[in-house]
Structures are given as structure tokens and as C-alpha cells.
Amino acid sequence: MKSLKQIINRYIRSAAIVIALVILVVIAFAEILIEQGRVEDTAAGTFVRLEQIYRRK
């Protein structure tokens, strides 16, 4: 039979892995949202510049 210490260590290890995975998923999701915002800003800036070029002609 496993000792109480072994059982607790197993659960702590499992909980740590789950928490680490949740943190990684949250960070990945945040990075995706941040990058999406950057892409939208870059695209908007590009369209503004293109509009300015076409208006000059």
C-alpha cells in the first residue's frame, strides 16, 4: 500500500501539471489576441497609406 506522502506527492504533481497547462493555454490565447490586434493595426495603416496615394493621383 502506498504511503500518504506518496499519494499526496502524486496529486501535487498532477495538479502542478494541470495548472501549468492551463497557464500555457491562457498565455497562448493572450498572445493570439495581441498579435491579431497588431495585424489589424498594420492592415489599417496600410489601407490609410494606399488611400492617400490614390487620392494624390
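Here is a chat about a predicted model and the labels its parts get.

Me: What makes the protein more spread out than a compact globule?
Reply: Start with the secondary structure, which comes to 1 helix and 0 strands. The radius of gyration is 25 Å, while the globule rule gives 10 Å for 57 residues, so the protein counts as more spread out than a compact globule. The C-alpha trace fits that picture, spanning about 85 × 10 × 5 Å along its principal axes.

Me: Where can I see that spread between two residues in helix α1?
Reply: Try V22, which lies in helix α1. V22 and Q52 are 30 residues apart along the chain, and their C-alpha atoms are separated by 45 Å. For another pair, take L24 and I7: they are 17 residues apart in sequence and 26 Å apart in space, C-alpha to C-alpha.

Me: Why is L24 called exposed?
Reply: The label "exposed" needs a relative accessible area over 50%. L24 has 54%, so L24 gets the label. L24 is also found in helix α1.

Me: And why is V22 just partly exposed?
Reply: Buried means under 20% and exposed means over 50%, with partly exposed in between. V22 comes out at 47%, so partly exposed is the right name for V22.

Me: What share of the protein is buried?
Reply: Buried residues make up 0% of the 57 residues. As for the surface, the protein exposes about 5,600 Å², and carbon and sulfur atoms supply 69% of that.

Me: Which residues form a nonpolar patch on the surface?
Reply: That would be L4, I7, I8, Y11 and I12, with about 510 Å² of accessible area together. To join a patch, a residue needs over 30% relative accessible area and no salt bridge, and nonpolar side chains are joined within 5 Å. Take L4 as a check: its relative accessible area is 60%, so L4 passes the area step and also counts as exposed. L4 is found in helix α1, which covers residues 4–56.

Me: What lies over the face of Y11?
Reply: R10 does, at 6.0 Å from the ring centre. The distance part of that label asks for CZ of Arg within 6 Å of the ring centre, and R10 is listed at 6.0 Å. Pairs of aromatic rings are another matter: the count comes to 0.

Me: How do you know that E35 and R38 meet in a salt bridge?
Reply: The cut-off is a side-chain nitrogen of Lys or Arg within 4 Å of a carboxyl oxygen of Asp or Glu. The side chains of E35 and R38 come to 3.2 Å, N to O, and that earns the name. Both lie in helix α1, 3 residues apart, about one turn of the helix. E35 has 40% relative accessibility, so E35 counts as partly exposed.

Me: How many salt bridges does a search of the whole structure find?
Reply: The search finds 2. One of them joins E51 with R55, where the closest N and O atoms are 2.7 Å apart. E51 and R55 are 4 residues apart in helix α1, so about one helical turn separates them.

Me: What makes R55 exposed but E51 partly exposed?
Reply: Exposed starts over 50%. R55 has 66% relative accessibility, so R55 counts as exposed. E51 has a relative accessible area of 38%, so E51 is partly exposed.

Methods. Residues are numbered from 1 along each chain as its sequence is written. This is a predicted model: local features need pLDDT of at least 70, side-chain atom pairs count only at pLDDT 80 or more; totals for chains, interfaces and linings use all residues. Side-chain values use heavy atoms; hydrogens and water are left out. Patches are made of residues with over 30% relative accessible area and no salt bridge: like charges are joined within 9 Å, nonpolar side chains (Val, Leu, Ile, Met, Phe, Trp, Tyr) within 5 Å. Accessible areas come from the Shrake-Rupley method with a 1.4 Å probe; for residues, only the protein chains shown count as cover. Buried means under 20% relative accessible area, exposed over 50%, partly exposed in between (1.4 Å probe, protein chains only). Rings of Phe, Tyr and Trp (its six-membered ring) pair if their centres lie within 6.5 Å; planes under 30 degrees apart count as stacked, over 60 as edge-to-face and the rest as tilted. A charge sits over a ring if NZ of Lys or CZ of Arg is within 6 Å of the ring centre and within 35 degrees of the ring normal. The radius of gyration is taken over C-alpha atoms; the globule rule is 2.2 Å times the number of residues to the power 0.38.
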